[in-house]
Amino acid sequence: MGVEVTRENGSVIAYEVVGEPDAAPVLFCHGLADSRLSARLFTQVARELGLRVLAPDRPGTGRTAPRRLRRLADWAEDAALVLDAVGADSAAVLGVSGGGPFAAACAARMPGRVRSLTLVSPLGLPGWPTRGMAAGERLSLEIARHAPAFGGWFLGRLAALERRSPELFLRLQQPGVRDPFLANYAEAFRRGTWGVAQDLRVLTRPWGFELGSIAVATSIHHGDADTTVPPQHARLYAKAIPGAQLWLHPGQGHFSILSAIREMLAPLTR
């Protein structure tokens with residue numbers, strides 16, 4: 001179900017709601033070049049576990065109006081508005097891939113409203129090692145550090161290719177890998193490349209908070225065969241966040257790890 005909330009200036013934040021309507025809320029932070037619609041992958045599991053997943057589009061992405069973020073941590077303001085809109089005093093927070101840092105920002109900036117933090121294949125801080133990352137991924141991040149607008153444009157071209165020729169688009173992916181979020185590329189670029197370019201800019205610059213300041217229960221899941229975000233990033237998160245628990249999933253890659261989503265979400269019902 002698609003819903004909207006209005007910022008103080010009248011601009012709109014769009015978010016998706018899946019699962020049980022009156023259940024405990026889970027705030028979901030989608031990945032890079034992705035959208036709120038990826039929450040639909042969790043619909044069945046959320047219903048079975050009795051969870052309500054709230055998935056906002058970030059500024060300039062999908063149906064959410066642009067809002068300039070000085071730093072990545074500033075996105076927590078939009079997240080708070082979504083929680084206010086559904087009357088949630090607190091929520092578990094879930095971040096996948098490039099959404100991991102945004103989820104961590106919520107835990108750092110809204111400690112009184114975040115019950116727990118779950119990170120799945122999370123992209124790490126600028127400057128963290130990229131050994132084990134596919135060459136194309138390393139190049140994309142390097143470009144983003146110096147020219148995020150170009151990185152957004154490039155990802156936008158991929159979105160256009162996905163719409164025009166999905167077969168060719170899939171052949172350009174890593175052999176044997178089927179990205180479950182591919183269908184959301186077009187939605188991510190509904191408003192053009194501005195939103196993704198901003199995500200790239202804030203992800204590749206200082207985030208505006210310290211991972212060590214996170215004081216909520218934190219679980220980190222990562223596939224040990226991930227070549228999109230190296231497992232070393234998960235280890236560094238676990239080292240930086242006090243008390244964080246790390247699970248490395250044998251043989252799982254960046255997307256296949258989502259086959260274990262029930263295992264990851266089940267603790268959020270407690």
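1. In this predicted model, A33 is found in the loop between β3 (24-29) and α1 (43-49). The backbone there merits attention: phi of A33 is near 55 degrees, a positive value in a residue other than glycine. A33 counts as buried, because its relative accessibility is 5% and the cut-off for burial is under 20%.

2. A second backbone position to inspect is S121, which lies in the loop between β6 and α4. S121 is not a glycine, yet its phi is positive, at about 50 degrees. With a relative accessible area of 0%, S121 is buried.

3. The loop that holds S121, between β6 and α4, also contains W128; β6 spans 114-120 and α4 spans 135-146. W128 forms an aromatic pair with Y237. The centres of the two rings are 5.2 Å apart and their planes are at 85 degrees, an edge-to-face arrangement. Both W128 and Y237 are buried.

4. Which parts of the chain does the pair of W128 and Y237 tie together? Y237 belongs to helix α9 (residues 231-240), whereas W128 is in the loop between β6 and α4, so the contact joins parts that are 109 residues apart in sequence. A search of the whole structure finds four aromatic pairs, and the pair of W128 and Y237 is one of them.

5. A further side-chain contact involves a charge and a ring. The charged end of R58 sits over the ring of F102, at 4.0 Å from the ring centre.

Notes:
Residues numbered from 1 in each chain as written. Predicted model: local features only at pLDDT ≥ 70, side-chain atom pairs only at ≥ 80, totals over all residues. Heavy atoms only, no water. Phe/Tyr/Trp six-rings, centres within 6.5 Å; stacked < 30°, edge-to-face > 60°. Helix = DSSP H or I, 4+ residues; strand = E, 2+ residues; numbered from the N terminus. Buried < 20%, exposed > 50% of the residue type's maximum accessible area, 1.4 Å probe, protein only. Lys NZ or Arg CZ within 6 Å of the ring centre and 35° of its normal.
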